[in-house]
Amino acid sequence: MLGLRCSAGALSDVSRRILQTMTPHGIRVQGIRVGSAEIPDHKRIAVSLQSIYGIGRNRARQILSELSIDNKLTRELTGRELMALREHVSSTYVIGEDLRRCVNADIARLKSLQCYKGIRHEDKLPCRGQRTKTNSRTAKKGLNSVSDKHRASHV
């Protein structure tokens with residue numbers, strides 16, 4: 001009917017996924033949006049918060065202790081806890097795309113200043129004092145053709 005050989009199998013997969021998300025009370029949400037990211041609902045809150053860019057293990061624990069929320073599964077959050085979590089994370093911390101934008105703007109500023117860290121970023125080399133004799137070989141591969149141009153301008 002659809003002209004595809006395995007269309008019946010594909011349709012049954014789609015229908016199975018739809019039925020998995022259906023409950024007697026409506027549609028079950030697979031993930032919860034906090035900030036601009038979706039956190040998984042089958043993990044504990046401290047672990048699922050770490051899927052947001054800018055929130056690590058310590059900050060996730062700090063958020064839970066500030067809101068006095070137990071470390072339970074994300075899908076077991078009540079409506080009030082979820083709203084408090086969303087409000088607290090979005091108002092207190094710079095996370096997600098905003099944080100990426102800030103970091104990229106800072107790196108662009110360093111590059112435009114032509115300071116040491118900016119030059120190292122331009123050359124795609126480590127800028128925090130790591131050794132380059134034995135490590136960062138991959139970054140130094142493409143540097144040979146570009147480095148002569150940069151060295152002449154940096155001197």
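Start in helix 5, which spans residues 96–113, where Glu 97 and Arg 100 sit three residues apart, or about one turn of the helix. In this predicted model, the two residues form a salt bridge, and their closest N and O atoms are 3.0 Å apart. Side chains of opposite charge can pair when their charged atoms come close. Are these two partners hidden away? Glu 97 has 43% relative accessibility, so it counts as partly exposed. Arg 100, at 35%, counts as partly exposed too.

Arg 100 has another neighbour worth finding on your screen. Look for the ring of Tyr 53: Arg 100 lies over its face, at 4.1 Å from the ring centre. Aromatic pairs, on the other hand, are something you can stop searching for, as the structure holds zero of them.

Stay in helix 5 a little longer, and you will meet another salt bridge, this one between Arg 101 and Asp 98, with the closest N and O atoms 3.0 Å apart. Arg 101 and Asp 98 are three residues apart in helix 5, so about one helical turn separates them. Arg 101 has a relative accessible area of 52%, which lies over the 50% cut-off, and therefore it is exposed. Asp 98 has 43% relative accessibility and so counts as partly exposed. How many salt bridges does the structure hold? There are three, and the one not yet mentioned here joins Glu 81 to Lys 72, where the closest N and O atoms are 3.0 Å apart.

Now step back to take in the whole chain. It has eight helices and four strands. Following the sequence from its start, you pass through the pattern α-β-β-β-β-α-α-α-α-α-α-α. The chain has 155 residues, of which 26% count as buried. Among contacts with a separation of 6 or more, 46% are between residues 24 or more positions apart.

Two of the strands make a good next stop. Strand 3 and strand 4 pair in the antiparallel sense, over four bridges. One place to look is Arg 33, whose bridge partner in strand 4 is Glu 38. The hairpin formed by strand 3 and strand 4 has two residues between the strands, and in this hairpin Gly 35 takes a positive phi near 70 degrees.

From the strands, move on to the nonpolar core. In soluble globular proteins, nonpolar side chains tend to be buried together. Here the largest nonpolar core has 19 residues, and those with the most contacts inside it are Val 34, Leu 49, Ile 52, Ile 55, Ile 63, Leu 85 and Val 89. At least two residues of this core come from each of strand 3 (31–34), strand 4 (37–40), helix 2 (45–48), helix 3 and helix 4 (79–92). Ile 52 is a handy residue to centre your view on: leaving out residues up to four places away in sequence, Ile 52 touches Val 34, Ala 37, Ile 39 and Ile 95.

Helix 4 also holds His 88. Is this histidine buried or exposed? At 15% relative accessibility, His 88 falls under the 20% cut-off, so it counts as buried. Setting aside neighbours within four places in sequence, His 88 is in contact with Ile 63, Glu 66, Leu 67 and Tyr 93.

Compare that with Arg 57, which belongs to helix 3 (residues 57–67). Arg 57 is exposed, because its relative accessible area is 53%. Its C-alpha atom and that of Val 47 are separated by 7.4 Å, with their positions 10 residues apart along the chain counted as the separation.

The tour ends in two loops. Which residue in the loop between helix 3 and helix 4 has a positive phi? That is Ser 68, found in this loop, with a phi of about 50 degrees although it is not a glycine. Ser 68 is exposed, because its relative accessible area is 64%. The loop between helix 5 and helix 6 (116–122) holds Gln 114. Gln 114 is likewise a residue other than glycine with a positive phi, near 60 degrees. With a relative accessible area of 39%, Gln 114 is partly exposed.

Technical notes: Residues numbered from 1 in each chain as written. Predicted model: local features only at pLDDT ≥ 70, side-chain atom pairs only at ≥ 80, totals over all residues. Heavy atoms only, no water. Phe/Tyr/Trp six-rings, centres within 6.5 Å; stacked < 30°, edge-to-face > 60°. Lys NZ or Arg CZ within 6 Å of the ring centre and 35° of its normal. Salt bridge = Lys/Arg side-chain N within 4 Å of Asp/Glu carboxyl O. Buried < 20%, exposed > 50% of the residue type's maximum accessible area, 1.4 Å probe, protein only. Core = buried A, V, L, I, M, F, W, Y, C linked by side-chain atoms within 4.5 Å. Contact = heavy atoms within 4.5 Å. Pairing = 2+ DSSP bridges.
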